[in-house]
Amino acid sequence: MPLASRLSRTGSVAAMAVVALALTACSAVVTDADRAAKQSGGGSAPAATAAPSFDLTTKNLAERPHTKPIAEAVDALEQSGFRPVQAGKLTVALGGAGAPPTSFFAEDDAQTIIGSDPDLASLIAEGLGLEYAPENVAWADWPLGIESGKYDLALTNIGVTEERKELFDFATYRDAVMGFVVAGGSPVTRIAEAKDVSGLRVVVGSGTNQEKFLLDWIAQNRKAGLPPGEAVYFDDFAAGQLALKSGRVDASILPYSLAKFQEQTQGETRVVGKFNSAYPVSGEVGTVSAKGSGLAKPVQIVLQHLIDDGTYAKVLQRWGQSEEAVRTSQLNPPGLPKP
């Protein structure tokens, strides 16, 4: 079976994330002052609470954290037998055509990819004693690129799945989380269990794992004799967002990092709940390398070093993703079960 066919089902959640990011690129960041001015004019958004501002230009690179080569990781890389695509470099596949905060092109330079994934990719290269060589890659192209040896590593919000583990090695670096989002003026303040979606119309991607999660909750409500709630589907992300903001639906399920970034910068929506996208297991997002290439372990050593010395926390904090932090980088942990 072709690689693309084998990965089609397991890619549905992450593919939805990529579509969402691509369709919500933020060309102007809303600051606290902007929100205050909007609210003084009668806007319905909640009061600002010192939300962060983000520089989406190449000036952001000046604040990118750095690290020195990590001896244990360098030694592990030498002993692994791994040979990089480009001598002395770590060629990393990244999603430049996304949007904040994970991976996107800088507003002032369509060649420079910034975000939390590029920050971590740069740190991994430095920790391995290699030169960082980023490559913009479409979501559909990273699997073949890694398997064929075009790229050494991929960081593009890739969740661990049992099916992918047959082809690739993972070193994890972030929780795989989805968020429940409502409009800024919505009376809904919390979605944490099945009864919280009772009677609500919730936008979700068809065929995704989050759809399975939502439909399970709806079934629980129906069994309990409650108004079950309804899954609502749109052909494109933008239409779903418009329906949410106009009140035609009550909530939407989005990648958590995107949802939080929109909440912090645009102020038109709120995150009122979250769940792990690999339900029923607690899955994580990881770096991806070719199966058996020897790269995953050295990368995991670097990531754990960054976690332990606080550099990792700085990366997530500067992109508003601290809630998705992990304490341990894992090698090929349990992921989304096979269908």
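**Entry 1: the chain overall**

I began with contacts in the chain between residues at least 6 apart in sequence: 78% of them join residues at least 24 apart. I note here that the model is predicted. Next I looked up the secondary structure and found 11 helices and 12 strands in the chain. I then checked burial. Of the 339 residues in the chain, 55% are buried. The exposed area of the chain came out at about 14,400 Å². Carbon and sulfur atoms supply 53% of that area.

**Entry 2: the cores**

I asked which residues have the most contacts inside the largest nonpolar core. They are L90, I124, L128 and L155, in a core of 41 residues. Helix α10, residues 296-309, gives the most to this core, with 6 residues. I also found a second, separate core of 19 residues. M178, V188, I191 and I218 are included in that one. As background, nonpolar side chains tend to be buried together in soluble globular proteins.

I went back to I124 and listed what it touches, leaving out residues up to four places away in sequence. The list is L90, L153, L155, T287, V299, V302 and L303.

**Entry 3: helix α5**

I124 sits in α5, where it is buried. I checked the length of this helix, residues 116-127. At 1.5 Å a residue, its 12 residues should span 16 Å. The end C-alpha atoms are 16 Å apart, so the two values agree.

Is α5 enclosed or open to the outside? I counted 12 of the 12 residues as buried, so the helix is largely enclosed by the rest of the structure. Polar names are on the buried list too, among them S116, D117, D119, S122 and E126. P118 and G127 are also buried. Just past the helix I looked at G129. Its phi is positive, near 75 degrees.

**Entry 4: strand β7**

I turned to β7, residues 177-183. All 7 of the 7 residues are buried, so this strand is largely enclosed by the rest of the structure.

Which strands does β7 pair with? One is β11, residues 269-276, in the antiparallel sense over 7 bridges. I found A183 opposite T269 in β11. Another is β10, residues 251-255, also in the antiparallel sense, over 4 bridges. There, I253 is the bridge partner of F180. For reading the side chains, I keep in mind that they alternate between the two faces of the sheet in a regular strand.

Key
Residues numbered from 1 in each chain as written. Predicted model: local features only at pLDDT ≥ 70, side-chain atom pairs only at ≥ 80, totals over all residues. Heavy atoms only, no water. Core = buried A, V, L, I, M, F, W, Y, C linked by side-chain atoms within 4.5 Å. Buried < 20%, exposed > 50% of the residue type's maximum accessible area, 1.4 Å probe, protein only. Helix = DSSP H or I, 4+ residues; strand = E, 2+ residues; numbered from the N terminus. Contact = heavy atoms within 4.5 Å. Expected span 1.5 Å × (residues − 1). Areas by Shrake-Rupley, 256 points an atom, 1.4 Å probe, with all protein chains shown as cover. Pairing = 2+ DSSP bridges.
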